[in-house]
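Welcome! Take a moment to turn the model around on your screen before reading on. We will then walk through it together.

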Amino acid sequence: MSEFREMRRKRQQLSKEESIAILEKATAGTLALLGDDDYPYAVPISYVYHEGKLYFHSALAGHKVDAIRKCENASFCVIEQDDVQPKKYTTFFRSVIAFGRIHIIEDEQEKLETARMLGNRYNPNDEENLQKEIESGFARMLMIRFDIEHLTGKEAIELVRQRNI
């Protein structure tokens, strides 16, 4: 495992628990991969967080899949709050970045379990329709696992100050 940089502005760093809470609450983020000709490739994507891992779904082929097969190093960013303060020339933000290794899930049982997790996240309590969707599209979908190695969250200094009042 590589060494990850420490956050420069530690006062603004969120706890691990706060960072995980953001991952559990948000519904989409940006997945960053090493794309064609080593250009960064960042793609907005829905996900589910579960026990230190992120899970995504994908079509069987495309730029994202090619990038994952080429290099397992990845990062994933979620912005929970983005409140622009025009008169203060700043933004009151809260965000999380995960760094880790990304893999296409090859095991059929794990693929099915993660497809169910993702489906239940975005359409809970609808087992009948989830089952139909999985049956009709399972052969044409990839499930992807992102093993988080380093997680860091940060918020605007103004939000830190508000909490400390």
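This report goes from the overall build to two helices, two loop residues and a set of salt bridges.

## The whole protein

Please keep in mind that this is a predicted model. The protein contains five helices and eight strands. If you follow the chain from its start, these elements come in the order β-α-β-β-β-β-α-β-β-α-α-β-α. The C-alpha trace spans about 55 × 40 × 30 Å along its principal axes.

How much of the protein is buried? Of its 165 residues, 38% are buried. The accessible surface comes to about 10200 Å², and carbon and sulfur atoms account for 50% of that surface.

You can also ask which residues meet across the chain. Take the contacts between residues at least 6 apart in sequence: 73% of these join residues at least 24 apart. As for charges, the protein has 24 positive and 28 negative ones, and the mean positions of the two groups lie 9 Å apart.

## Two helices with a buried side

Start with helix α1, which covers residues 16–25. Its residues Ser-19, Ile-20, Ile-22 and Leu-23 are buried. They sit on the same side of α1 because they cover an arc of only 155° around the axis. Now look at the face turned away from that buried side: there you find the exposed residues Glu-17 and Lys-25. Please remember Lys-25, as we will return to this residue below.

Helix α4, residues 127–137, can be read in the same manner. Which residues of α4 are buried? They are Leu-130, Ile-134 and Gly-137. Seen down the axis of α4, the buried residues fall within an arc of 90°, so they line one face of the helix. What covers them includes α3 (108–122) and β8. On the face turned away from the buried side, α4 carries the exposed residues Glu-128 and Glu-135.

## Two loop residues with positive phi

Next, find two backbone positions in the loops between strands. Asp-38 belongs to the loop between β2 (28–34) and β3 (40–46). Its phi is near 60°, a positive value in a residue other than glycine. Asp-38 counts as partly exposed because its relative accessibility is 48%, and the cut-off for exposed is over 50%.

Glu-51 is found in the loop between β4 (48–50) and β5 (53–59). Here phi is near 50°, again a positive value in a residue other than glycine. With a relative accessibility of 67%, Glu-51 counts as exposed.

## Salt bridges across the chain

How many salt bridges are there? The count comes to 11. Three of them are listed here, with the distance between nitrogen and oxygen.

| Salt bridge | N to O distance |
|---|---|
| Lys-25 and Glu-80 | 3.4 Å |
| Arg-94 and Glu-155 | 2.7 Å |
| Arg-101 and Glu-149 | 2.9 Å |

Let us take them one by one. The side chains of Lys-25 and Glu-80 meet in a salt bridge. Lys-25 lies in helix α1 and Glu-80 in strand β6 (residues 73–85), so this pair ties together parts that are 55 residues apart in sequence. Lys-25 is exposed, at 59% relative accessibility, whereas Glu-80 is partly exposed, at 30%.

Glu-155 forms a salt bridge with Arg-94. This pair links distant parts of the chain, with Glu-155 in strand β8 (residues 141–155) and Arg-94 in strand β7 (residues 90–104), 61 residues apart. Are these two residues buried or exposed? Glu-155 is buried, with a relative accessible area of 2%, and Arg-94 is buried too, with 15%.

The side chains of Arg-101 and Glu-149 also meet in a salt bridge. Arg-101 is in strand β7 and Glu-149 in strand β8, so the pair ties together parts that are 48 residues apart in sequence. Arg-101 is partly exposed, with a relative accessible area of 21%, and Glu-149 is partly exposed at 26% relative accessibility.

Which residues join up in a network? Lys-25, Glu-80, Arg-94 and Glu-155 are linked in a network of salt bridges. Try selecting these four residues in the viewer, and trace the links from Lys-25 in helix α1 to Glu-155 in strand β8.

Definitions and conventions: Residues are numbered from 1 along each chain as its sequence is written. This is a predicted model: local features need pLDDT of at least 70, side-chain atom pairs count only at pLDDT 80 or more; totals for chains, interfaces and linings use all residues. Side-chain values use heavy atoms; hydrogens and water are left out. Buried means under 20% relative accessible area, exposed over 50%, partly exposed in between (1.4 Å probe, protein chains only). Contact means heavy atoms within 4.5 Å. Accessible areas come from the Shrake-Rupley method with a 1.4 Å probe; for residues, only the protein chains shown count as cover. Lys and Arg count as positive and Asp and Glu as negative; His and the chain ends are not counted. The place of a charge is taken as NZ of Lys, CZ of Arg, CG of Asp or CD of Glu. The arc is that of the directions from the helix axis to the C-beta atoms. A salt bridge is a side-chain nitrogen of Lys or Arg within 4 Å of a carboxyl oxygen of Asp or Glu.
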